[in-house]
Amino acid sequence: MKKTLLLAACSLMLAATSVNAQTDKPVATPAAAPAAPASTAEMVFEAEEFNFGTIKQGESVTHEFTFTNNGKDDLIITNAQGSCGCTVPLYPKEAIKKGAKATIKVTFNSAGKMGLQDKTVTITSNAKNSPKILHLKGTVEAPAAQPANAAPGH
């Protein structure tokens, strides 16, 4: 029974192929929709990575990433998302004109973190080079040891 079904399926495929091969008409392919005009806004950062060095666990670090819109159109940032809740970006909500500079302020809170850190912020915009990924890197050390409470005197 399986051989019969397999033979029937192969026969149908062969018949369909030979019918297509015998027609003189080219097979129509759907026309591609015209592409939407691409934005010419472009985010160019002075630096896409910031190394905060070594901090104690529980400390926060804030850095401002400065960028310029080197494109011909206004730059509109639609979202900035940290890789975790410990990394919070603040970005301009208004359009950045061509040639204008702006900053994205990123704060990293090291509470509960230890060792080497590489936190990212993904910037989504109408720029031709979107998305952009910014990095905050550094090391988080254990907090300083707290002095033990002195035992009450006798």
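Which backbone nitrogen does the side chain of Asn 69 reach at 3.2 Å? In this predicted model, a way towards that residue leads through the sheet and its strands.

The sheet is open and consists of four strands in the order E1-E3-E6-E5, paired in the antiparallel sense. Its edges are formed by strand E1, residues 43–45, and strand E5, residues 87–90, each of which pairs on one side only, and from one strand to the next the twist averages 30°. In general, the strands of a sheet pair through backbone hydrogen bonds, in either a parallel or an antiparallel arrangement. At the E5 edge, the partner is strand E6, which covers residues 101–109, and the antiparallel pairing of these two strands extends over four bridges. Within this part of the sheet, Val 88 stands opposite Thr 107 of E6.

Strand E3, which runs over residues 60–69, contains Asn 69. This residue counts as buried because its relative accessible area is 0%, where the cut-off for buried is under 20%. The backbone nitrogen sought at the outset belongs to Glu 42, which the side chain of Asn 69 reaches at 3.2 Å, while the side chain of Asn 69 also reaches the backbone oxygen of Asp 73, at 2.8 Å.

Once neighbours within four places in sequence are set aside, the residues in contact with Asn 69 include Ala 41 and Glu 42, as well as Asp 74 and Leu 75. Asn 69 is likewise in contact with Ile 96, Lys 97, Lys 98, Gly 99 and Ala 100.

Definitions and conventions:
Residues numbered from 1 in each chain as written. Predicted model: local features only at pLDDT ≥ 70, side-chain atom pairs only at ≥ 80, totals over all residues. Heavy atoms only, no water. Pairing = 2+ DSSP bridges. Axes fitted to C-alpha atoms, helices over the stretch in contact; angles between N-to-C directions. Buried < 20%, exposed > 50% of the residue type's maximum accessible area, 1.4 Å probe, protein only. Polar contact = N/O pair within 3.5 Å; in protein donor to acceptor, adjacent residues only side chain to side chain. Contact = heavy atoms within 4.5 Å.
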